[in-house]
Amino acid sequence: MNSKPAPILLFVYNRPDHVRRAVESLQRNALAAESKLIIYSDAARSEADRPQVEAVRRYVRTIGGFGSIDIVERQDNWGLARNIIDGVTTTVSRHGRVIVVEDDLVVAPFFLQFMNDALDVYQDEPRVGHIQACDFTRDPVLPPTFLIQWTGSWGWATWQRAWQHFRPDGRQLLAEIESRQLTRHFDFNGSYGFTRMLRRQVEGKNNSWAIRWYATLMLDDMLALNVGRSLVQNEGFDGSGTNCGAGGLYSSELWTEPLPVEKLKLIEENFMARCAQERYYRRTNSFWAKARRRLKRMLKGDFSA
């Protein structure tokens, strides 16, 4: 491993309980004591959010257990996408690499070790641009690590050499995907509407940075190192988050043992892993799967969209 672990970016807003669980899970990692933690605290979007934003800020000022801690308190509300793009760009320009965590994630005790090992092992491999430590498919065919042309955003890492490719203009990305006839590939053979998500970003109906990062790397024929043993759980599906709805659709079980990183012999997409991802989307994203989930919510008294 490099002499110093990669800096950790933690993005927080108005959920003090989630932030506390995320921080405590990071602190359980042995490498936390050697790692630089950089916290981006967004300003309140409305007066209703202000008390919880202030509660989060009071808590993060008390955090210890890391090599060093920097806190960036926004004076205006930037939103998650702008914060992440700015935070990642600033950090990789200074440190060359970064690990990114949001406030609704709980990580495993060997999460930081895995991320730093993967950053080291693949740092000079130009086709690998992203590391993702969460698996929600729970498909038993997946190997411990594999390469895939897809970028998850729950507990991830990258390098400056890869992030410099990031293209924020969703309109240009969408036009290139369509002109190169890559929409079905982008959508895992039509099993999930990633193209629709990108189009909605262009139309201003969402502000996803992640869909633009995924599109950027796919268009540049770059791969992500992913895991078949999840080192991250997303707790944001409890209705408390801006971008996550309720339900256990993307739940995962934390792998609590070390996950070794050995460089794969072939720097190519793992077709079996791609098929597993597509199977998961077909199982959970079909019309009938969505209808069953909606019916279950209605029976529980939840009539939200």
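How much space lies in the second largest cavity? In this predicted model, the second largest cavity holds about 30 Å³ of space, and its lining is formed by Ile148, Gln149, Trp150, Thr151, Tyr214, Leu217, Met218, Met222, Leu223 and Ala224. Helix 9 and strand 9 are the elements that give two or more residues to this lining, with helix 9 giving the most, three residues. By class, the lining of the second largest cavity comprises eight nonpolar and two polar residues, with no charged residue.

Two cavities of 30 Å³ or more are counted, and the largest cavity contains about 50 Å³ of space. The residues lining the largest cavity are Cys134, Asp135, Phe136, Thr137, Phe146, Ile148, Trp150, Asn226, Val227 and Gln277, and the elements that give two or more residues to this lining are strand 7 (145–148) and strand 9 (223–227). Six nonpolar, three polar and one charged residues make up the lining of the largest cavity. Ile148 and Trp150 thus appear in the linings of both cavities.

Helix 9 (residues 210–219) also packs with helix 6 (residues 170–179), at an angle of about 45° and with the axes 10 Å apart. Because angles under 35 degrees count as roughly parallel and those from 65 to 115 as roughly perpendicular, this angle makes helix 6 oblique to helix 9. The crossing of the two helices is left-handed, and the contact involves Gly170, Leu173, Glu176 and Ile177 of helix 6 together with Arg212, Ala215, Thr216, Met218 and Leu219 of helix 9. The residues of this contact comprise five nonpolar, two polar and two charged. Met218 of helix 9, a member of this contact, is also among the residues that line the second largest cavity.

A second helix pair is formed by helix 1 (residues 16–27) and helix 2 (residues 50–60), which pack at an angle of about 25° with their axes 9 Å apart. Helix 1 is therefore roughly parallel to helix 2, and the crossing of helix 1 with helix 2 is right-handed. In this contact, Pro16, Val19, Arg20 and Val23 of helix 1 meet Gln52, Ala55, Val56, Tyr59 and Val60 of helix 2, and the residues involved divide into seven nonpolar, one polar and one charged.

Among the pockets, the second largest contains about 190 Å³ of space. It is lined by 13 residues, of which Lys4, Pro5, Ala6, Pro7 and His95 are the closest to its centre. By class, three nonpolar, six polar and four charged residues make up the lining of the second largest pocket.

Technical notes: Residues numbered from 1 in each chain as written. Predicted model: local features only at pLDDT ≥ 70, side-chain atom pairs only at ≥ 80, totals over all residues. Heavy atoms only, no water. 1 Å grid on protein atoms, 1.4 Å probe; cavity = no way out; pocket = protein on both sides within 12 Å on 5 of 7 lines; lining within 4 Å. Points joined across faces, edges and corners; volume = space filled by probe spheres on them. Nonpolar A, V, L, I, M, F, W, Y, C, P; charged D, E, K, R; others polar. Axes fitted to C-alpha atoms, helices over the stretch in contact; angles between N-to-C directions. Helix = DSSP H or I, 4+ residues; strand = E, 2+ residues; numbered from the N terminus. Parallel < 35°, antiparallel > 145°, perpendicular 65-115°, else oblique. Left-handed = near helix turned anticlockwise from the far one by under 90°. Contact = heavy atoms within 4.5 Å.
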